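Here is my note on the model you sent, set out as numbered points for you to follow with the structure open. I begin with a question about strand pairing and then turn to the helices.

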Amino acid sequence: GSEESPDVPGLSLIPEKLIRFDDGSKSVPHIGWNSAKVARTGHADDRSFYGLQDGSKYYYVHSYAVPHRVGILEAAGWTVATAKYGDEEFVGAIGRRNVLATQFHPEKSGAAGLRLLKAFLERHEWGSPNLQTEPDEGLTRRVIACLDVRTNDHGDLVVTKGDQYDVREKAGTAAAGLVRNLGKPVDMARKYYDQGADEITFLNITSFRNCPLADLPMLEILRKTAESVFVPLTIGGGIRATVDADGSEVSALEVATLYFKSGADKVSIGSDAVLAALEYYDKGRLPSGRTAIELISAAYGKQAVVVSVDPKRVYVRSVSDTAHTTIRTSYRGPAGEDRCWYQCTVKGGRESTDMDVQQLVQAVEAMGAGEILLNCIDKDGSNTGFDLELVREVKRCVKIPVIASSGAGSPAHFAEVFSTTGTDAALGAGMFHRGEYTVKDVKDHLMAQGLLVRRLEDISVI
């Protein structure tokens with residue numbers, strides 16, 4: 001059974017119980033790439049168990065796990081593969097003859113996951129050599145490639161990138177005023193997957209008015225991407241209750257379901273999350289049970305719900321100048337101010353609200369969000385690095401994972417945000433789209449700095 005549903009009995013096939021990870025010193029859910037190291041009891045040679053390699057990483061997303069108690073499952077005839085999250089060692093996979101169960105998602109674990117699926121389908125319980133017997137254990141630093149997708153001036157869906165959310169070419173260029181076109185979404189997603197991206201995020205910044213929901217172009221992009229990209233896919237934009245082209249009302253849960261059925265693993269909610277948080281505080285910090293965050297997380301699990309936050313700095317001279325939570329900043333304001341607060345915005349940064357970022361992230365965590373995508377309007381498109389002060393402040397406020405976004409311009413910026421803020425993942429866009437750096441460049445730099453990342457594996461050898 002599981003602590004999550006104590007009144008629901010298990011199948012009694014495996015004599016263990018799932019318990020929740022301790023979130024005292026780490027983010028929960030446990031999201032990302034971790035090991036599956038096979039205990040060699042009874043098989044002291046170098047063969048791999050269903051293709052599992054000690055040096056590979058696999059994609060996990062869960063809050064509950066079976067703690068590994070040495071010898072208990074093995075004595076019952078099971079082969080056990082384990083992973084470590086913080087100081088907790090848990091069961092990542094378990095198998096016996098033609099039975100195999102994994103805590104991770106093999107279909108989202110790149111070449112390593114495809115290798116396991118192939119070995120299982122071909123019934124190769126103990127097969128190819130285990131190439132690395134001493135893995136770098138633990139959760140890796142996730143590097144995410146983000147693709148902003150919208151229609152260009154010719155009606156084609158393209159990947160674009162803005163400067164402080166403005167995606168049109170600047171005056172003085174041959175394409176001045178036109179939507180910046182950086183490539184085709186499916187092709188670019190595959191390119192980043194081949195470079196080693198740990199996740200792909202699509203942010204739809206086009207409103208497809210009068211288009212039936214079932215025919216939304218982003219659904220086809222997801223379907224095509226999922227055919228050849230075997231890492232998690234996130235989709236953001238338009239995840240809200242709406243009215244279909246035929247006049248029928250469609251809930252946010254139904255909209256999300258369309259995307260999940262088309263290949264998405266997570267949905268990202270933006271402006272509607274701010275509105276839900278305002279209602280949450282108006283009602284005395286009581287969830288309504290009707291918001292998109294609550295409905296989707298109840299149906300699919302909190303790990304499926306990302307909240308995308310778009311804050312901007314508001315400088316003040318002293319804490320008494322505002323009722324909002326301020327921080328002391330090393331980057332002074334236009335009049336020399338050394339304090340600021342982060343104001344949440346909606347509608348792509350076009351409208352401001354009377355809510356600070358600390359209030360927003362704590363509210364959405366309480367409502368069931370599983371992850372924060374933390375943007376920064378001041379840093380967007382700047383290529384000057386992430387807002388480290390913002391990332392540290394949000395990490396302080398929540399237990400769920402945080403993805404740092406906005407401002408990445410070089411591999412060194414990724415190393416800086418991982419080393420100094422405790423962020424769980426970091427996202428890049430323009431530096432990848434323009435070909436200045438590849439995802440592999442970023443990971444090579446992180447490894448050189450002693451940071452643990454998922455190594456790229458060759459899918460052709462499977």
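1. Which residue stands opposite valine 158 of β12? In this model, which is predicted, the residue opposite valine 158 is arginine 150. The two strands concerned, β11 (residues 142–151) and β12, pair in the antiparallel sense, and four bridges hold the pairing.

2. Strand β12 covers residues 157–160, with Leu157 and Val159 pointing one way and Val158 and Thr160 pointing the other way, and all of these are buried. Val158, the partner of arginine 150, is therefore a buried residue, since buried here means under 20% relative accessible area.

3. Strand β11 also pairs with β25, in this case in the parallel sense and over four bridges, and isoleucine 144 is found opposite leucine 427 of β25. Strand β25 (residues 425–428) is covered on both faces, with Ala425 and Leu427 buried on one side and Ala426 and Gly428 buried on the other.

4. Strand β24 (residues 402–404) runs parallel to β25 and is joined to β25 by two bridges, in which setting isoleucine 403 has alanine 425 as its bridge partner. Together with α10, these two strands make a β-α-β unit that is right-handed.

5. Helix α10 (residues 411–421) packs in turn against helix α9 (residues 388–397), at an angle of about 40° and with the axes 10 Å apart, and the crossing is right-handed. From α9, Leu388, Val391, Arg392 and Lys395 meet Glu416, Val417, Thr420 and Thr421 of α10, a set made up of three nonpolar, two polar and three charged residues.

6. A second helix pair worth inspecting is α3 (residues 185–195) with α4 (residues 217–226), whose axes come within 9 Å and cross at roughly 35°, again with a right-handed crossing. Pro185, Val186 and Ala189 of α3 make the contact with Ile221, Lys224 and Thr225 of α4, and these residues divide into four nonpolar, one polar and one charged.

7. Helix α4 also belongs to the surroundings of helix α5, where the buried residues are covered by elements including α4, β14 (233–236), β15 (242–243), β16 (249–250), β17 (266–269) and α7 (292–300). Within α5 (residues 252–261), the buried residues are Ala252, Val255, Ala256, Thr257, Tyr259 and Phe260. An α-helix has 3.6 residues a turn, so residues three or four places apart point the same way. After α5 comes glycine 263, which has a positive phi, near 125°.

Key: Residues are numbered from 1 along each chain as its sequence is written. This is a predicted model: local features need pLDDT of at least 70, side-chain atom pairs count only at pLDDT 80 or more; totals for chains, interfaces and linings use all residues. Side-chain values use heavy atoms; hydrogens and water are left out. Axes are lines fitted to C-alpha atoms, for helices over the stretch in contact, and angles run from 0 to 180 degrees between N-to-C directions. A crossing is left-handed if the near helix is turned anticlockwise from the far one by less than a right angle, and right-handed if clockwise. Contact means heavy atoms within 4.5 Å. Ala, Val, Leu, Ile, Met, Phe, Trp, Tyr, Cys and Pro count as nonpolar, Asp, Glu, Lys and Arg as charged, and the others, Gly among them, as polar. Buried means under 20% relative accessible area, exposed over 50%, partly exposed in between (1.4 Å probe, protein chains only). Two strands pair if DSSP finds at least two bridges between them. A crossover is right-handed if, with the strands pointing away from the viewer, the path from the first strand over the helix to the second runs clockwise.
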